[in-house]
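Hello,

Here is the structure I promised to pass on. Please open it before you read my notes.

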Amino acid sequence: MSLPSSVRIVEVGPRDGLQNEPIAVSVAARIALIEGLVDAGLKAVEAGSFVSPKWVPQMADTAAVLAGIKRREGVRYPVLVPNLQGLEAAEAAGAKDISIFAAASESFSKKNINCSIAESLDRFRPVAERALAEERRLRGYVSCVLGCPYEGEIAPEAVARVSRALYDMGCAEISLGDTIGTGTPLKAKRMIEAVARHVPMRQLAVHFHDTYGQALANILASLELGIGVVDSSVAGLGGCPYAKGASGNVATEDVVYMLNGMGIATGIDLDRLAKVGRTVLQQLNRAPASKVAQALAAKA
Ligand SMILES: CC(C)(COP(=O)([O-])OP(=O)([O-])OC[C@H]1O[C@@H](n2cnc3c(N)ncnc32)[C@H](O)[C@@H]1OP(=O)([O-])[O-])[C@@H](O)C(=O)NCCC(=O)NCCSC(=O)C[C@@](C)(O)CC(=O)[O-]
């Protein structure tokens, strides 16, 4: 079994986590969350999204969040944009890292961004061209890679087609999203193998939600294939407002604990991370989804 010596974690809590919370978190608290995560050692922290506030009100004020954080050398603060309007707002806010987001399921694409997959790719092409011309780093997301809340099973080839299209647009990294967390390890492996026939493995990231408790097993299976980038969310916050029943992303605490135990470096201080998680959970008035966070809280 071959495993990487280090894994790069992309923290998505301040975006994927908070976008689904019924309690709106203040700009000051969003800034403090991002700063706390960077203090804990995270080198990529998704800061928010420039989407329609009618669709996702929790992400309004992302410009104010970007204006408020002290940007640190060597840390990336990616933001999601769905169209040129979003890119313009991201440019004005000084975002250097842009993420575009498509889906492998037609129904999910329509529910999430109000257009078909083909229309979304046509919409993303000029966004990608402009972002790259401005020397911004581009990340692409593919949602519903292991199942769709509206269509059920999704064929690995459908995921590969959309991933390839995003790669051809110049995405430096493609994140494969198990939006509703229905994936299991062997299915995850088959899907990644199909995508890796079109996109180099080193440019793939995995993004598992933990709805069915399969995320860590899926991550381990992905690492065995050569994946080196994992998305996760502090305290297991998260979900997608357009994927009913989708629970949180895999908790960053759980991923770091597992990787620490396997001798795989992440550069993250688990105790500091868990503290950041406890603070945000207090603000949201919620219990942690993370088993590791619960265990550490019991000891704190
Ligand atoms: C894509 C649209 C905008 C289409 O929405 P639409 O209604 O078709 O857009 P439109 O172009 O017809 O414009 C309608 C209104 O939206 C405004 N608008 C248009 N664009 C923007 C923008 N960028 N920023 C701010 N406002 C915008 C526009 O100005 C107009 O305002 P009005 O004239 O009515 O006042 C909408 O569907 C949308 O914002 N969707 C975002 C949904 C979203 O953020 N979902 C969560 C992120 S994806 C995810 O979580 C999955 C992921 C990435 O984590 C991976 C995984 O786990 O699967």
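Below is what I found, starting with confidence, then the sheet, then the ligand.

Confidence

This is a predicted model. The protein averages a pLDDT of 96. At least 70 is reached by 98% of the residues. For the model, ipTM is 0.98 and pTM is 0.97.

The sheet

Start with the sheet. It is open and has eight strands. Read across, the order is 1-8-7-6-5-4-3-2. The pairing is parallel. Strand 1 (8–11) and strand 2 (48–49) are the edges, and each pairs on one side only.

Strand 4

Now look at strand 4, which covers residues 97–103. How much of strand 4 is buried? Six of its seven residues are, so the rest of the structure largely encloses this strand. The burial call rests on a count: 20 or more other C-beta atoms within 10 Å of a residue's own.

Strand 4 has partners in strand 3 and strand 5. With strand 3 (residues 79–80), strand 4 pairs in the parallel sense over two bridges. Valine 79 has isoleucine 98 of strand 4 as its bridge partner. Between these two strands the chain passes through helix 4. That β-α-β crossover is right-handed.

Strand 5 also runs parallel to strand 4, and seven bridges join the two. Put serine 99 on screen here: arginine 139 of strand 5 stands opposite.

Strands 7 and 8

Elsewhere in the sheet, check strand 7 (residues 204–208) and strand 8 (residues 229–232). They run parallel and are joined by two bridges. Valine 206 has valine 230, in strand 8, as its bridge partner.

The ligand

Next, the ligand. There are 25 residues around it. Which of them come nearest? They are Val51, Gly86, Ser143, Gly177 and Thr179. Helix 4 (84–92), helix 5 (106–113) and strand 5 (137–143) each give two or more residues to this shell. Helix 4 gives the most, with three residues. So much for where the shell comes from; its make-up is next.

By class, the shell has twelve nonpolar and twelve polar residues. One residue is charged.

Two elements tie these notes together. Helix 4 lies on the crossover from strand 3 to strand 4, and helix 4 is also the element that gives the most to the ligand shell. Strand 5 is joined to strand 4 by seven bridges, and strand 5 is among the elements that give two or more residues to the shell.

Over to you.

Best wishes

Methods
Residues numbered from 1 in each chain as written. Predicted model: local features only at pLDDT ≥ 70, side-chain atom pairs only at ≥ 80, totals over all residues. Near = placed C-beta within 6 Å. Helix = DSSP H or I, 4+ residues; strand = E, 2+ residues; numbered from the N terminus. Nonpolar A, V, L, I, M, F, W, Y, C, P; charged D, E, K, R; others polar. Buried ≥ 20, exposed ≤ 12 C-beta atoms within 10 Å, placed from the backbone. Pairing = 2+ DSSP bridges. Right-handed = clockwise from strand over helix to strand, strands pointing away. pLDDT = per-residue confidence, 0-100.
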